[in-house]
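The exercises below are to be worked with the sequence and the model side by side. Each task is followed by a solution that proceeds step by step.

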Amino acid sequence: MASGRRKEMALLPARAGRYREYVPPPTLRRHFSRLWSHALHDGLPAMVAIVPDGYCDLLWIDGRLVVAGPDRTASFPVIRPGATVIGARFAPGAAAPWLKTPLSELVGCTVPLADIGRKDTAEFEARLANCPDPSDAAALFGRLLEETARDAEEPARDAAVIFAAADGGRPASGLLEHLGMSERQLRRRCHHHFGYGAKTLERIRRFQRFLDLCRKSGTMPLARLALEAGFADQPHMTREVGELSTLTPAIIFDQLSIGTRDD
């Protein structure tokens, strides 16, 4: 019953508030694929569904810097109404070296950055706490990332190649010769940089292609969306979308297509 209520009530970030993404400045693009902010609506608390995307994020929320590790399935964090969350999405292959932590240790977890051992965390949190205006805090957040990026370890190039293959609907196993890896080595690299194996990453990125199509497709039938996203058929899509998000494709399509029209 709880699962049924969740399917009916959960909102994707675009419906729970004002969600915006930004291209990072050139100094950050090696390490971060997107900067973003999410201003939640005032009023009653909303059940927000954070669905898996294959990424790891650094967040400024409720006066703390935290790391949101990669998810296998949707998470439902409790976020106070009216709050603004500021985030930076690590580029593929950048999170593990930047955090000096394998992402397999962070799957499904939200961990204070200080607990990971970043010595500059307390200083950065104090500086951000002096910026009550969300726009000022977002600008300072970006500048602090630029300060740390100068000394950050280079992202892993092979991880970026594996992610690009999954994003384009190509199996990572086809890259073994190109990457000079065995299947066992590929599995280890995926768990280190994404938190799980290549097949799970491929499922998640196919799900994300479905979300992108929902935002752009207008009135495309669900059966056509399934094929365009790379699912075998509509039942395959319904099963996979449900397992990854607890939502049905129809509910997701309704939320995202309405969000596009509202903008």
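## Exercise 1: a loop residue

With a relative accessibility of 81%, Val 78 counts as exposed. The model is a predicted one. Task: determine where Val 78 is found, and state what distance separates its C-alpha atom from that of Leu 40.

Solution. Begin with the class of the residue: the cut-off for exposed is over 50%, and Val 78 has 81%, so it counts as exposed. Next, place the residue in the chain: Val 78 lies in the loop between strand 4 and strand 5. Finally, take the distance: the C-alpha atoms of Val 78 and Leu 40 are separated by 11 Å, and the two residues are 38 residues apart along the chain.

## Exercise 2: the sheet and its strand 4

Task: establish in what order the six strands form the open sheet, and then describe which strands and residues pair with strand 4.

Solution. First, trace the sheet: its six strands follow the order 1-2-5-3-4-6, with antiparallel pairing. Strand 1 (17-22) and strand 6 (110-112) are the edge strands, each of which pairs on one side only. On average, and with direction ignored, neighbouring strands of this sheet are turned by 25 degrees against each other.

Second, turn to strand 3 (residues 57-61) and strand 4 (residues 64-68), which run antiparallel and are joined by five bridges. Within this pair, Leu 58 has Val 67 of strand 4 as its bridge partner, while Trp 60 stands opposite Leu 65 in strand 4. The hairpin of these strands has two residues between them, and Asp 62 takes a positive phi there, near 50 degrees.

Third, consider strand 6, which runs antiparallel to strand 4 and is joined to it by three bridges; here Val 67 stands opposite Val 111 in strand 6. Strand 4 is mostly covered, since four of its five residues are buried.

## Exercise 3: a buried helix face

Task: decide which residues of helix 7 (residues 157-167) are buried, and find what covers them.

Solution. Start with the list: Asp 158, Ala 159, Ile 162, Phe 163, Ala 165 and Ala 166 of helix 7 are buried. Viewed down the axis of helix 7, these buried residues fall within an arc of 160 degrees, so they line one face of the helix. The elements that cover them include helix 8 (176-179), helix 9 (183-194) and helix 10. After helix 7 comes Gly 169, which has a positive phi near 80 degrees.

## Exercise 4: two crossing helices

Task: find at roughly what angle the axes of helix 10 (residues 198-216) and helix 12 (residues 234-245) cross, and state which residues make the contact.

Solution. The two axes come within 10 Å and cross at roughly 105 degrees. Because angles of 65 to 115 degrees count as roughly perpendicular, helix 10 is roughly perpendicular to helix 12. On the side of helix 10, the contact is made by Arg 203, Ile 204, Arg 206, Phe 207 and Phe 210, and on the side of helix 12 by His 236, Met 237, Glu 240, Val 241, Glu 243, Leu 244 and Ser 245. Sorted by class, this contact has six nonpolar, two polar and four charged residues.

Definitions and conventions. Residues numbered from 1 in each chain as written. Predicted model: local features only at pLDDT ≥ 70, side-chain atom pairs only at ≥ 80, totals over all residues. Heavy atoms only, no water. Axes fitted to C-alpha atoms, helices over the stretch in contact; angles between N-to-C directions. Parallel < 35°, antiparallel > 145°, perpendicular 65-115°, else oblique. Contact = heavy atoms within 4.5 Å. Nonpolar A, V, L, I, M, F, W, Y, C, P; charged D, E, K, R; others polar. Buried < 20%, exposed > 50% of the residue type's maximum accessible area, 1.4 Å probe, protein only. Arc of directions from axis to C-beta. Pairing = 2+ DSSP bridges.
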